[in-house]
Every structure is written in C-alpha cells, then in structure tokens.
Amino acid sequence: MSDDTLAVLAAQEERLVFSRFDNETALKLGIHLLTAARDHALPVTVSVRRGGQRLFHAALPGTSADNDAWIDRKSRVVDRYGHSSFLVGERFRAKGTTFEADSRLDPDLYAAHGGVFPVIVDGVGPVGTVGVSGLPQADDHAFVVEQLEVFLATLS
C-alpha cells in the first residue's frame, strides 16, 4: 500500500463530513445505502450507528449473520481509532504487518477490513459509523464512500 493510497483514504475522511447527524439523518442515510445496494443488486448488510446505538440495520439477499458480525467487528475498529476500518488496516499493512498481528486486539471483536466509515460531524469529530459488509473489503469501502458523497451532496 502506497503513501498515496493512505493519503487518499485520509482525504476521504476530511471531505465526507456532516454538518449535523441525528436519528432522522441516520435513517435517511441507511435508506439511501439500502436503495443503492438494491439498485446494483449487491448482497450487503447495511448499518448506521451513532455512539453505541444502532439506528439503521438491513440485510439484503445473499447475506448472513456472518455479515452482521463483520459489521460489528469493523465498527469497533472505527469507534476505537476514529478512522475508517479500511484506513486502519491499510496503515498496518503499510508498516509491513497486519492489524491482527500487531494491534493486540481480539480478532473475534475487531476487524480492520474495509467497509465501515466514521460518521464525522464538522466541529465535533466522529460520532458514529456507517458501513456495509458482503463484498470484498475494497469494494465495501468504495461503495460506502461513493454513497456518502452522493448523500452528503443532497444535504447541501
């Protein structure tokens, strides 16, 4: 993983920021992701959380309870590090190691794989998570970023 890739992932977090985030926004975001996933026939589970509360959760055909567990594990990484699960994993890989080997965190509880992104509020910082599970990790991440870009554009 190159420094350029890490810079791109970090820039996504600087750019994809909410002015505010409440339950209604979370529901709209969840429905937006669900609709986009259906439109592309993607077998994903969608999750939107604020703090420790799950505000939106839906699973499309082709997913299983394993996807729920992946969302939980990836969300814990975002909650702990304040960055996307993909960026956290890529930072470990850029150092020539893995999250599983060097984070000292239980891999049954934490997964630094792509697909969960921090919900960042301007002037506040990370307040929750938005994510999907069901695709290869880079695709999970790309889908969330793409849909956040579309969704945030509708709020301005």
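When I say that two residues touch, I mean that they have heavy atoms within 4.5 Å of each other. With that in mind, and remembering throughout that this is a predicted model, let me start in the interior, with Leu 148, which touches Leu 16, Phe 18, Leu 29, Phe 117 and Val 130, leaving out residues up to four places away in sequence.

Leu 148 belongs to the largest nonpolar core, which has 28 residues, and together with Phe 18, Phe 21, Leu 29 and Val 130 it is among those that touch the most other members. The elements that give two or more residues to this core are helix 2, residues 23-39, strand 2, residues 45-50, strand 3, strand 4, strand 5, residues 125-133, and helix 6. Apart from this core lies another one, of 7 residues, and among them are Val 77, Phe 92, Phe 99 and Ala 112. As general background, nonpolar side chains tend to be buried together in soluble globular proteins.

Phe 92 takes us to helix 4, since it is one of the buried residues of that helix. Helix 4 runs over residues 85-94 and is mostly covered, with 7 of its 10 residues buried. Those residues are Ser 85, Phe 86, Leu 87, Val 88, Gly 89, Glu 90 and Phe 92, and they pack against helix 1, helix 3, helix 5, strand 4 and helix 6. After the helix comes Gly 96, whose phi is positive, near 80°.

How do helix 3 and helix 4 meet, and at what angle do their axes cross? The two axes come within 8 Å and cross at roughly 80°. An angle between 65 and 115 degrees counts as roughly perpendicular, and that is therefore the description that applies to helix 3 and helix 4. On the helix 3 side the contact is made by Lys 74, Val 77, Val 78 and Tyr 81, and on the helix 4 side by Ser 85, Val 88 and Phe 92.

Helix 1 is one of the partners of helix 4, so let me turn to it next. Its 13 residues, at 1.5 Å a residue, should span 18 Å, and the end C-alpha atoms are indeed 18 Å apart, which agrees. Which residues of helix 1 are buried? They are Leu 6, Leu 9, Gln 12 and Glu 13, and because they cover an arc of only 115° around the axis, they sit on the same side of helix 1. On the other side, Asp 3, Asp 4 and Glu 14 are exposed. The buried residues pack against strand 1, residues 17-18, as well as helix 4, strand 4 and helix 6.

Now to the strands, beginning with Thr 45, which is found in strand 2. Is Thr 45 buried or exposed? Its relative accessibility is 0%, so it counts as buried. Leaving aside its neighbours within four places in sequence, Thr 45 has contacts that include His 57, Ala 58 and Ala 59, then Thr 63, Asn 67, Asp 68 and Ile 71, and also Gly 131, Val 132 and Ser 133.

Gly 128, in strand 5, is also buried, with a relative accessible area of 5%. Not counting residues up to four places away in sequence, Gly 128 touches Arg 49, Arg 50, Gly 51, Phe 117, Pro 118 and Val 119. Two distances help to place this glycine: its C-alpha atom is separated by 8.6 Å from that of Gln 53, which is 75 residues away along the chain, and by 17 Å from that of Ala 58, which is 70 residues away. Gln 53 itself lies in strand 3, residues 53-59, and at 44% relative accessibility it counts as partly exposed.

I will finish with two loop residues and their backbone angles. Most residues other than glycine have a negative phi. Ala 41, however, has a positive phi, near 50°, and its place is in the loop between helix 2 and strand 2. Arg 104 likewise has a positive phi, of about 65°, although it is not a glycine, and it is placed in the loop between helix 5 and strand 4. Are these residues buried or exposed? A residue counts as exposed over 50% relative accessible area, so Ala 41, at 66%, is exposed, and Arg 104, at 81%, is exposed as well.

Notes
Residues numbered from 1 in each chain as written. Heavy atoms only, no water. Buried < 20%, exposed > 50% of the residue type's maximum accessible area, 1.4 Å probe, protein only. Helix = DSSP H or I, 4+ residues; strand = E, 2+ residues; numbered from the N terminus. Expected span 1.5 Å × (residues − 1). Arc of directions from axis to C-beta. Core = buried A, V, L, I, M, F, W, Y, C linked by side-chain atoms within 4.5 Å. Axes fitted to C-alpha atoms, helices over the stretch in contact; angles between N-to-C directions. Parallel < 35°, antiparallel > 145°, perpendicular 65-115°, else oblique.
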